[in-house]
Amino acid sequence: MGAEPLPVKKAPPPWTCHYTGYIGSFFVSPSIGLPRDLAYDPHEASSDRFTEAGTWKGGLAMIQLLRYTSTPVGPYDEMVLIPGNFDVPGHGSQTRVTRIYVSQRDTTYNGMTSLQVSRLIITRLMAIGRKNWNIPKHIARFKFTGDFSTPPFTVQLFPEDPTIDTPFFTASLQPLGFWTPSFPFSSRVTKWIGLPDSFVQPPLPEGEPKNIICGTDEWFKCQGKIYSPKTKLVWMDMKQPGKKSGEARENWWPGIRRWQLAIWLQDAQLDLGDPEVLKV
């Protein structure tokens, strides 16, 4: 009897995902310039077509740390960077995801090693994210110290190459230090307080292997609906290991403070539908 097919399939939108997440936000000034090596994965950073698609305007930036417990392609961890707004010709100022990483979660299936199965599932996930929504997904190694579901904990991201032992991103989530009430959170109301409820993605550059690091040709406008019945405020500590006080990029992004307020979304749901194709 042949081996049972791997539990990986095409997963077109719409998606409904359940997760625990942390979203830290900070304001960035366009006067400092966009640090290309922080804003982009090396693959997208090498593409002028992607990095020069619209003028970066700064504004409200966000870092999202997410643990999906249920998605159309299974559980995984994710880090998302939104470095502010970009001018999109004919469509004004728009939010953009410029850098995003997914994890290799432990999985066992049909006698294969967890890394083999995880690699197959996550690489397919990369292709799906790139094809469905122009999201520049790549694989990273996630290392957690503590329990992701309850601060305090620390997360470090490393390149996929297992020989590299220096993280390119570190953040620690900490309680505020005093009692705060929880509250419901919905993206339906965020636009009324000046927060983005959609993001616009330019076409992606192709890489190798082409079926995984796939390129795209159209601009997409994507809108996700988020709801969490239990949300709390926490601290996101951006201090990078090995960096001294006053040293460049000691808090990862130039010019930001070490301690940033973040929201902790518990029992959250994300609904992500078909993108709108934009003429740019």
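Me: Let's settle the vocabulary: helices (H or I, at least four residues) and strands (E, at least two) are DSSP runs, numbered from the N terminus. In which loop is P152 found?

Reply: Happy to start there: this is a predicted model, where local features need pLDDT of at least 70, side-chain atom pairs count only at pLDDT 80 or more, and totals for chains, interfaces and linings use all residues. Residues are numbered from 1 along each chain as its sequence is written, and side-chain values use heavy atoms, with hydrogens and water left out. The peptide bond from P151 to P152 is cis, with omega near 10°. As for its place, P152 is in the loop between β8 (141-146) and β9 (153-158).

Me: What is omega for the cis peptide bond that joins P13 and P14?

Reply: P14 belongs to the segment before β1. The bond that joins P13 to P14 is cis, and its omega is about 10°.

Me: Is N134 buried or exposed?

Reply: N134 sits in the loop between α4 and β7 (137-139). Phi of N134 is near 60°, which is positive although the residue is not glycine. Buried means under 20% relative accessible area, exposed over 50%, and partly exposed in between (1.4 Å probe, protein chains only). The relative accessible area of N134 is 0%, so this residue is buried.

Me: And D267, is that residue buried or exposed?

Reply: D267 has its place in strand β15. Phi of D267 is near 50°, again a positive value in a residue other than glycine. With a relative accessible area of 61%, D267 is exposed.

Me: Which residue's side chain makes a polar contact of 3.2 Å with that of E78?

Reply: E78 is in strand β3 (residues 76-82), and its relative accessible area of 5% makes it buried. Contact means heavy atoms within 4.5 Å, and beyond four places in sequence E78 has contacts that include Y68, I100 and F142. A polar contact is a pair of N or O atoms within 3.5 Å; within protein, one must be able to donate a hydrogen and the other to accept it, and residues adjacent in sequence count only if both atoms are side-chain atoms. The partner at 3.2 Å is K137.

Me: Which element gives the largest share of the largest nonpolar core?

Reply: A nonpolar core is a set of buried Ala, Val, Leu, Ile, Met, Phe, Trp, Tyr and Cys residues joined through side-chain atoms within 4.5 Å. In the largest one, of 36 residues, W15, Y19, Y76 and L265 touch the most other members. Elements giving two or more residues to this core include β1 (15-28), β2 (55-70) and β15 (259-272). Its largest share, six residues, comes from α4.

Me: How many aromatic pairs does the count come to?

Reply: Rings of Phe, Tyr and Trp (its six-membered ring) pair if their centres lie within 6.5 Å; planes under 30 degrees apart count as stacked, over 60 as edge-to-face and the rest as tilted. By that rule, the number of aromatic pairs is 15.

Me: How many residues apart in sequence are the parts tied together by W15 and W133?

Reply: The W15 and W133 rings are edge-to-face, 5.3 Å centre to centre with 90° between the planes. W15 is buried at 3% relative accessibility, and W133 is buried at 2%. Because W15 lies in strand β1 and W133 in helix α4, the separation of the parts they tie together is 118 residues.

Me: Which residue in β4 is the bridge partner of W56?

Reply: Two strands pair if DSSP finds at least two bridges between them, and β2 and β4 run antiparallel with three bridges. In strand β4 (residues 85-88), F86 and V88 point to one face and are buried, while N85 and D87 point to the other and are not. The bridge partner of W56 is F86.

Me: At what distance from the ring centre does R96 lie over the face of F86?

Reply: A charge sits over a ring if NZ of Lys or CZ of Arg is within 6 Å of the ring centre and within 35 degrees of the ring normal. One such case is R67, whose charged end sits over the ring of F144, 4.7 Å from its centre. For R96 over F86, the distance is 4.0 Å.
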